[in-house]
Amino acid sequence: MAHTLYFTRHGETFWNVENKICGATDIALTPRGHDQARALGAELARQGLAVDRILCSPLSRAHDTARHIAAATGWAPPGGPPHGGPADIDVLNRIFQRATF
């Protein structure tokens, strides 16, 4: 069974504005970053793309981006909104191990 996998980057952060690299430092989204994430979610919903699962890192910028996309697309996972963390990272690692590009 074939699956389609979409990737997105988090919205703008305060360090992006200052031209700094965030790396693993937990830097929040700017108001514009929140707007960008909401706009992406709205576009996915407008295109009618089905969202089966949202994976994200535990960093707030990734989690907030995922949360906005989930809200806009109506995606409601068991147990609440996307939370990110080791389980999501493990799933991503397994996907990449099996992927053929």
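## How α2 and α3 pack

In this predicted model, the axes of α2 and α3 come within 8 Å and cross at roughly 35°; axes are lines fitted to C-alpha atoms over the stretch in contact, with angles from 0 to 180 degrees between N-to-C directions. Helices here are DSSP runs (H or I, at least four residues), numbered from the N terminus. Residues are numbered from 1 along each chain as its sequence is written. Local features need pLDDT of at least 70, and side-chain atom pairs count only at pLDDT 80 or more.

Here are the two sides of the contact (heavy atoms within 4.5 Å):

| Helix | Residues in the contact |
|---|---|
| α2 | H34, A37, R38, L40, G41, A42, L44 and A45 |
| α3 | D64, T65, R67, H68, I69, A72 and T73 |

By class, this contact has seven nonpolar, five polar and three charged residues.

Now to α3 itself. Among its buried residues (under 20% relative accessible area with a 1.4 Å probe, protein chains only) are R61, H63 and D64, and what covers the buried residues of α3 includes α2. The end C-alpha atoms of α3 are 20 Å apart, which agrees with the 20 Å that its 14 residues should span at 1.5 Å a residue; the expected span is 1.5 Å times one less than the number of residues. G74, with a positive phi near 75°, follows α3.

The largest nonpolar core (buried Ala, Val, Leu, Ile, Met, Phe, Trp, Tyr and Cys residues joined through side-chain atoms within 4.5 Å) has eight residues: L44, I54, C56, A62, A66, I69, A70 and W75. Helix α3 (residues 60-73) gives the most to this core, with four residues.

Key
Heavy atoms only, no water. Buried < 20%, exposed > 50% of the residue type's maximum accessible area, 1.4 Å probe, protein only. Helix = DSSP H or I, 4+ residues; strand = E, 2+ residues; numbered from the N terminus. Nonpolar A, V, L, I, M, F, W, Y, C, P; charged D, E, K, R; others polar.
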